[in-house]
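User: I'd like to go through the labels on this model and ask what backs each one up. Can you take me through them?

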Amino acid sequence: MDASNLPARRTPHWALYQKECFLLPSQKGHLPPFNTHPVHLESLAKDRLSAGGWSYAHSNAGMDKTHDANREAFDRWKIVPRMLVDTTHRDTTVELFGKTLSAPIGLSPIGLNKIYHPLGELPVAKVAGELGLPYSLSTAGSQSIEDCALHNAHGASLGHSRSLGAQHAQGLKYYQLYLPHDQQLTRSLLQRAHEANYDACIMTLDTDQLAWRHDDVALSNYAPYRSGTGAEIGLSDPVFQKRLQEAGIDAKKQPEKAGEKWIDTVWHGRPHDWSVIPSVLDMWRSITSSSGSCSKPLLLKGIQSGQDAQKALDLGVDGIVVSNHAGRQVDGAMASLDALPEVVRAVKGKIPILFDSGIRTAADIFKALALGADCVMIGRVWVYALSIEGETGVRHVLRSLLAELDILLNVAGYPTIKSITRSAIKSREEIAQKL
């Protein structure tokens with residue numbers, strides 16, 4: 001494929017990364033960084049990580065049943081290829097919260113990234129900015145809110161110069177909030193996120209404490225308790241620094257105690273109920289509209305039922321993330337993809353719906369979009385890539401996923417993201433009925 005023969009289009013010709021990989025031996029004398037097939041990716045990450053790093057990346061709640069259900073759900077849906085469709089001017093952009101994204105792919109918030117790579121979240125934030133993809137920073141991050149924002153902005157500037165996608169997008173950064181029972185700390189975290197130019201807040205609902213994950217428990221594997229890793233957002237926060245002083249903890253001399261204090265403050269095991277949502281909404285909106293501009297969106301992550309989606313809608317939230325935490329919180333739960341249609345019916349297009357849990361390939365992305373998601377979020381794919389080869393690994397796996405999606409749209413006959421509707425897929429039952 002000669003790039004000079006391709007027409008100009010709204011988004012980069014992501015598919016050309018395939019050609020770039022094919023030409024590497026002759027032009028650079030080496031092969032691509034690694035095989036991006038999910039099975040190979042997972043195996044290589046297991047080889048590269050420590051026992052604790054692999055356990056935390058790979059472990060799920062209980063017997064892995066929800067994780068397995070997530071993957072099985074995708075296989076129950078089949079894409080319907082359409083022939084003789086002109087896909088020359090393919091467009092992978094989507095509009096979300098007033099922003100133009102280069103593709104309907106965001107990065108899920110995952111914490112403790114320093115256990116995967118010494119630079120933690122920084123290379124991930126940078127590459128997301130470079131490619132014009134939404135980046136999400138977890139409250140359990142191992143780099144500060146501010147430093148991740150700076151690296152994301154730096155990546156966006158590189159994307160402009162390299163024509164990798166950022167010039168076709170306006171960028172989107174989420175701060176993902178785990179809600180402590182400490183209003184001053186909550187306000188401080190949200191204030192910092194706003195001042196660091198995060199565009200939205202995602203409040204995760206399903207993790208006021210970690211689920212029982214057998215491997216992690218067997219290895220006593222939780223980095224904040226061992227080294228303080230994963231407490232960096234707290235350690236860089238003035239309110240939490242005050243809480244440490246009040247408790248007589250010196251974070252430099254007692255990193256494990258500081259980490260334990262952070263966990264006990266944020267993943268406290270004291271459940272919230274729906275009554276907290278209006279106060280969080282009011283707090284976030286008052287902070288983000290203080291400069292006279294419109295307030296920034298607040299999304300709820302972890303919604304798995306139409307009933308909860310309706311509650312979120314009634315309370316005035318700006319978006320929903322359909323997610324079961326990739327099977328890491330409730331064992332034996334329904335697949336996130338199985339929950340998606342019910343949530344879509346409840347929301348009726350009034351607010352955006354993002355989808356998370358189980359995404360591995362472009363076909364998975366396609367199926368979630370066909371079932372009503374406005375954008376999907378990926379997690380383990382980039383975590384494994386980060387552990388294998390840092391920034392280079394994250395860039396390789398994300399560019400590969402973008403190329404795979406671009407090529408899928410071409411060969412399956414779908415010229416735009418908007419053209420991926422419910423008629424683009426069939427369930428096993430629908431196929432059987434026609435046989």
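Analyst: Here are the labels, each set against its cut-off. This is a predicted model, so local features need pLDDT of at least 70 and side-chain atom pairs count only at pLDDT 80 or more, while totals for chains, interfaces and linings use all residues. Residues are numbered from 1 along each chain as its sequence is written, and side-chain values use heavy atoms, with hydrogens and water left out.

User: Why is Ser102 called buried?

Analyst: Buried means under 20% relative accessible area (exposed is over 50%, partly exposed in between, with a 1.4 Å probe and protein chains only). Ser102 has 0% relative accessibility, so it counts as buried. Its place is in the loop between β3 (99–101) and β4; helices (H or I, at least four residues) and strands (E, at least two) are DSSP runs, numbered from the N terminus.

User: What does the side chain of Ser102 reach?

Analyst: The backbone oxygen of Gly132, at 3.2 Å. A polar contact is a pair of N or O atoms within 3.5 Å; within protein, one must be able to donate a hydrogen and the other to accept it, and residues adjacent in sequence count only if both atoms are side-chain atoms.

User: What makes β7 largely enclosed?

Analyst: Five of the five residues of β7 (residues 200–204) are buried, so the rest of the structure largely encloses this strand. Ala200, Ile202 and Thr204 cover one side, Cys201 and Met203 the other. That fits the general pattern: in a regular strand the side chains alternate between the two faces of the sheet.

User: How do you know that β6 and β7 pair?

Analyst: Two strands pair if DSSP finds at least two bridges between them. β6 (residues 173–177) and β7 have four, in the parallel sense, and Leu177 has Met203 as its bridge partner in β7. β7 is also joined by four bridges to β8 (residues 298–303), again running parallel, with Thr204 opposite Lys301.

User: Which strands are at the edges of the sheet?

Analyst: The open sheet has eight strands, in the order β4-β11-β10-β9-β8-β7-β6-β5, with parallel pairing. Its edge strands are β4 (105–107) and β5 (135–138), as each pairs on one side only.

User: How is the span of α7 judged?

Analyst: The expected span of a helix is 1.5 Å times one less than its number of residues. α7 (residues 183–195) has 13 residues and reaches 18 Å from first C-alpha to last, close to the 18 Å expected. At its N-terminal end Asp182 acts as a cap, with a side-chain oxygen 3.2 Å from the backbone nitrogen of Gln184. After α7 comes Asn197, whose phi is positive, near 70 degrees.

User: What makes a β-α-β unit right-handed?

Analyst: With the strands pointing away from the viewer, the path from the first strand over the helix to the second must run clockwise. β6, α7 and β7 make a right-handed unit. So do β10, α16 (residues 362–370) and β11.

User: How many bridges join β10 and β11?

Analyst: Three, in the parallel sense, and Asp356 has Met377 as its bridge partner in β11. In β10 (residues 353–356), Ile353 and Phe355 point one way, Leu354 and Asp356 the other, and all are buried.
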